[in-house]
Amino acid sequence: MSSQDERARQQLIDLAAEFYDQFASGEVPEMTLPTRTKSNIEYDEDSGVWVYGDRTSTRSANSVQGARKLLKATYTIDFLARQLEEGRSSTLRELYYLSESWDADEAAFSSQDESNQLVEDLEIVSEVTREDFHMRPEESGATLMGPLELREQTRRGEREIHCQEDVGEGGYQIPNNPDTIDFLDHDIDFILCVETGGMRDRLVENGFDTEHNALIVHLKGQPARATRRITKRLHDELDLPVVVFTDGDPWSYRIYGSVAYGSIKSAHLSEYLATPEARFIGIQPEDIVEYDLPTDPLADSDVNALESELDDPRFMTDYWEEQIELQLDIGKKAEQQALASRGLDFVTDEYLPTRLAEMGVL
């Protein structure tokens, strides 16, 4: 077992021992966690990301519901500790099904959401990430394409890969734990995070990564933790600017927000996952007007989301207030692919170079 695995295992065992000690001393076992709501998110001036505030909630065995939660936590700790000792790994989905075989019926999870949340709870109280527990999500399929050479630790040993020369058009698939990667060499000038697969394919087909020395990161919608982690590492370790290119709607702005500032669900890992220096490149509401892009009308849910973002600490800047107010005024949203209305090469020949020059990246 590696020293990192041993540390993760020991943190879990210490947590279980804390429950036991509470029982042995006559106390009701409990586990205290930050309240995971938007109202308990605050900006950390030192790290530049959004983190949980001081509000907490307690999982206590003084109720039947609380006792069940701690029972499930204890069984999960035992499973994860054995998994680390055996050098095995599993997926979040497998954990949900595995609980059906545990010898206490009350320890089984009622849904995968419940098991996912418990793993996040254990991350918070043990200060160990699920990746170090050897827990994987289902594959996200997110990829990199660009002038980056790296070394990856795999089950078959080390592999050195160039993310243009040694991969096909699909790019290099980001592993579940990007901390197993070493960056060897690069010719990258900036990192371009792209929301949709269609736009990612357009940029690669047009040779945008080659012409501008760009590393294209396919976010594949709401980015997985591995995608956000490798983006942060690339920025921090290679000192590279990061820009985020999404659709022009409130849900896509939240994709940018999760890359730059973190999310409510994983605020305990914001300093590990978020890249506060990341900047939004578009589609901007002002682009919809300036380029007269094909649009769809805002649905009621879009309007509610935009109005909510005006109160979201991640979007409380003059820039975002101006853009969101403009979008509410015009009542329209647009996809990245709407730029194709000006030709298939417009995004790579005109839109992105213009925006990147305005931002001082090119």
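A salt bridge is a side-chain nitrogen of Lys or Arg within 4 Å of a carboxyl oxygen of Asp or Glu. The model is predicted: local features need pLDDT of at least 70, side-chain atom pairs count only at pLDDT 80 or more, and totals for chains, interfaces and linings use all residues. Residues are numbered from 1 along each chain as its sequence is written, and side-chain values use heavy atoms, with hydrogens and water left out.

**Exercise 1.** State how many salt bridges a search of the whole structure finds, and which residues are linked in a network.

Solution. Step 1: the search of the whole structure gives 18 salt bridges. Step 2: a network of salt bridges links Glu123, Arg130, Glu131 and Arg225.

**Exercise 2.** Find the distance between Arg200 and Asp201, and decide whether each is buried or exposed.

Solution. Step 1: the closest N and O atoms of this salt bridge are 2.9 Å apart. Step 2: buried means under 20% relative accessible area, exposed over 50%, and partly exposed in between (1.4 Å probe, protein chains only). Step 3: Arg200 is buried because its relative accessibility is 4%. Step 4: Asp201 is partly exposed because its value is 43%.

**Exercise 3.** Do the same for Glu237 and Arg233.

Solution. Step 1: their side chains form a salt bridge with an N to O distance of 2.7 Å. Step 2: Glu237, at 46% relative accessible area, is partly exposed. Step 3: Arg233 has 8% relative accessibility, so Arg233 counts as buried.
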